[in-house]
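Student: I would like to learn how to read this model, feature by feature. Where should we begin?

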Amino acid sequence: MELIDTHAHLEEIKDLREAIRRAVKVGVTAIIAVGSDYESNLWVIRESQKYGTSKLRIYPALGLHPWGLDTSKIEETISLIEKNINNIVALGEVGLDYWYKDARKSDNIKEVQREVFSRILNLAREKDKPISVHSRGAWIDCVDMTIETGVKRAVFHWFSGPLEALKKILDYGYYVSATPAAAYSKEHKKIIMKAPLENIVLETDSPVVYEGETAEPAHITKALKAVAELKGESIEFVAEKTTENARKLFKIS
Ligand SMILES: [Zn+2]
């Protein structure tokens, strides 16, 4: 069984080498290491691949997360991404979050989020890169902006938005990712039940805490099991399909 963790914040994982060892044991053969800001992007560029092994490859993605966008660093971060664009497999983590504490209070913050996301979307279209999108509370805007910009490949990560947004995601051949929350979150389960397996990839969003447990890439098996149960398919079949989808989405072998 081969599994791909399509979204993990590896720089935040304690004792990453041991975590990678455990991931190899459960069949993880690739991880997409996403960046969120200037510092984590630097880590992804300079450090992430040192943790790869002959059995598990780490692929870099660079992004600018909508949380706490530091206006002084936006230009610096985007130019860092542009400089390294030919060495990455995706732009992520990027997107909008209207439920983020600052955005709830201020329309200006939402506007800054949209400006940044729009620049990233244009970069993705120009360079033909897939995007890994955070869309909490801003599901429709995220999907619409992606479509309007003409981005070809996208995964709406840990998607838990309305079915109306899911419909557009599927119409345009985009993907949603399932996390371990697919075992218990009503909103996330609903999406995974409705989306065909052809449009689903797996991820952990490590080191997010799910029901009291800090995630690491080996916990991809929890997402896998949850999807298999929701779909009434075997673990092996879901593993094969979602891994094939991830390879297509990120153009990795
Ligand atoms: Zn994330």
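Tutor: Begin with burial: histidine 7 is buried, and so is aspartate 205. Buried means under 20% relative accessible area, exposed over 50%, and partly exposed in between, with a 1.4 Å probe and protein chains only. The model is predicted: local features need pLDDT of at least 70, side-chain atom pairs count only at pLDDT 80 or more, and totals for chains, interfaces and linings use all residues. Residues are numbered from 1 along each chain as its sequence is written, and side-chain values use heavy atoms, with hydrogens and water left out.

Student: Which residues coordinate the zinc ion, and through which atoms?

Tutor: Read donors as N, O and S atoms within 2.8 Å of the metal (3.2 Å for Na, K and Ca); water is not among the atoms, so sites may look incomplete. Here the zinc ion has His7 (NE2), His9 (NE2), Glu93 (OE) and Asp205 (OD), at 2.2 Å. Along the chain, these donors follow the spacing H-x1-H-x83-E-x111-D. One pair links distant parts of the chain: histidine 7 sits in strand β1 and aspartate 205 in the loop between β8 (200-202) and β9 (209-210), 198 residues apart.

Student: What is the geometry of the zinc site?

Tutor: Ideal angles are 109.5 degrees for four tetrahedral donors, and 90 or 180 degrees for six octahedral ones. In this model the angles among the 4 donor atoms of the zinc ion run from 83 to 171°, and the site is irregular. The cut-offs: four donors are tetrahedral if all angles lie between 85 and 135 degrees; four are square planar and six octahedral if opposite donors are over 155 degrees apart and all others between 65 and 115; anything else is irregular.

Student: How many helices and strands does the protein have?

Tutor: The count is 10 helices and 10 strands. Both are DSSP runs numbered from the N terminus: helices are H or I, at least four residues, and strands are E, at least two.

Student: In which sense do β1 and β2 pair?

Tutor: Strands pair if DSSP finds at least two bridges between them. Strand β1 (residues 3-8) and β2 do so in the parallel sense, over 4 bridges. Alanine 8 stands opposite alanine 33 in β2. On to β3 (residues 57-62): β2 pairs with this strand in the parallel sense as well, over 4 bridges. There, isoleucine 31 has isoleucine 58 in β3 as its bridge partner.

Student: What handedness does the β-α-β unit have?

Tutor: View the crossover with the strands pointing away from you: it is right-handed if the path from the first strand over the helix to the second runs clockwise. The unit of β1, helix α1 (residues 16-25) and β2 is right-handed.

Student: Why is strand β2 described as largely enclosed?

Tutor: Because 5 of its 6 residues (28-33) are buried, strand β2 is largely enclosed by the rest of the structure.

Student: Is serine 48 buried or exposed?

Tutor: Serine 48 is buried, at 0% relative accessible area. It lies in the loop between α2 (38-46) and β3. Contact means heavy atoms within 4.5 Å. Leaving aside neighbours within four places in sequence, serine 48 contacts Ala33, Trp43, Ile58 and Pro60.

Student: And glutamate 198: what is its relative accessible area?

Tutor: The value for glutamate 198 is 45%, so this residue is partly exposed. Its place is the loop between α8 (186-194) and β8. Not counting residues up to four places away in sequence, glutamate 198 touches Tyr175, Lys241 and Asn245. Glutamate 198 and asparagine 245 are 47 residues apart in sequence, yet 6.8 Å apart in space, C-alpha to C-alpha.

Student: Which peptide bonds and phi angles deserve a look?

Tutor: Most residues other than glycine have a negative phi, and most peptide bonds are trans. Here a cis bond joins glycine 92 and glutamate 93, with omega about 15°; glutamate 93 is in strand β4 (residues 90-95). Another cis bond joins serine 206 and proline 207, with omega about 0°. Proline 207 is in the loop between β8 and β9. Aspartate 205 has a positive phi, near 55°. Aspartate 15, in the loop between β1 and α1, has a positive phi of about 50°.

Student: What radius of gyration does the protein have?

Tutor: It has 17 Å, which agrees with the value near 18 Å for a compact globule of 253 residues. The radius is taken over C-alpha atoms, and the rule is 2.2 Å times the number of residues to the power 0.38. Buried residues make up 56% of the 253.
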